[in-house]
Every structure is written in C-alpha cells, then in structure tokens.
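Here's a friendly walk through the model below. Have a look at it first, then read on.

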Amino acid sequence: MSDTALEKQVFDMIVEKMDLQEIIDELPAEKLAYETPLFESMDPDGIALDSIAALELVVLLKDHFGITVKDTDMKKLTTVANIAEYIRSSQ
C-alpha cells in the first residue's frame, strides 16, 4: 500500500464509520488535509472530534487494523497522517 493510500483509507474509514460526511462537506478545502487536527481541543474550527470520538477511533483501529492503542499513545493520534504512521509502526 502506498504512503498516501493508507492515509486515504484511514480518512475514509473515519468519515464513514463515525458518520462525519456532513461535517466534512461543510469544511473549507484548506481544512481537509491529512495533517489537519482531528480534535476540538486542537482546532475547534476543523473536524472537531470530541473525547467520545477518540474512543470510537481506538475501537475502529482495533476492528479494522487489529491494532490495540495504549493509553500513553492516544496523544499520538491527532491527525490522519499521525494515525497512518501509528498503524505502520504497529504492524
């Protein structure tokens, strides 16, 4: 899988499984990069996921990629690019 293919797969999975298409459709194009912060605490005008969504994300990574995220690693999962890198380093 190419570098950007994994990022696209992660992005698409997050949008689909977390039902974020409406939010994504309303964001300006410059906010839709793989380096865009995912969480509200980092960028309230961006995708703005909350702590419940962070837990959902951990479950998605376990279900989809077979990766168990350690509590200490949660702070690494801030962007799609960071998540993809975490997946690569965990496999």
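Ala48 sits in the loop that links H2 and H3; helices here are DSSP runs (H or I, at least four residues), as strands are (E, at least two), numbered from the N terminus. Its phi is near 60 degrees, a positive value in a residue other than glycine. Ala48 counts as partly exposed because its relative accessible area is 24%, where buried means under 20%, exposed over 50%, and partly exposed in between (1.4 Å probe, protein chains only).

A quick note before going on: this is a predicted model, where local features need pLDDT of at least 70 and side-chain atom pairs count only at pLDDT 80 or more, while totals for chains, interfaces and linings use all residues. Residues are numbered from 1 along each chain as its sequence is written, and side-chain values use heavy atoms, with hydrogens and water left out.

Asp19 also has a positive phi, near 55 degrees, in a residue other than glycine. You'll find Asp19 in the loop between H1 and H2. Asp19 joins Glu22, Asp25 and Glu26 in a patch of negative charge on the surface. Patch members have over 30% relative accessible area and no salt bridge, with like charges joined within 9 Å and nonpolar side chains (Val, Leu, Ile, Met, Phe, Trp, Tyr) within 5 Å. A salt bridge, for its part, puts a side-chain nitrogen of Lys or Arg within 4 Å of a carboxyl oxygen of Asp or Glu. Glu26, from the patch, belongs to helix H2 (residues 21-26).

Here are some accessibility values side by side.

| Residue | Relative accessibility | Class |
|---|---|---|
| Asp19 | 65% | exposed |
| Glu26 | 64% | exposed |
| Val69 | 9% | buried |
| Val15 | 7% | buried |

Now for the inside. Which residues touch the most other members of the largest nonpolar core? They are Ile14, Leu61 and Ile83, in a core of 29 residues. Helix H1 (3-17), helix H3 (51-65) and helix H4 (80-90) each give two or more residues to this core, and H3 has the largest share, with seven. Such a core is a set of buried Ala, Val, Leu, Ile, Met, Phe, Trp, Tyr and Cys residues joined through side-chain atoms within 4.5 Å.

Val15 is part of helix H1. Between Val15 and Leu57 there are 11 Å in space, C-alpha to C-alpha, and they are 42 residues apart in sequence. Val69 is placed in the loop between H3 and H4. Measuring C-alpha to C-alpha, Val69 is 18 Å from Gln9, with the two 60 residues apart in sequence.

Terms used. Areas by Shrake-Rupley, 256 points an atom, 1.4 Å probe, with all protein chains shown as cover. Lys, Arg positive; Asp, Glu negative; His and termini not counted. Charge placed at Lys NZ, Arg CZ, Asp CG, Glu CD.
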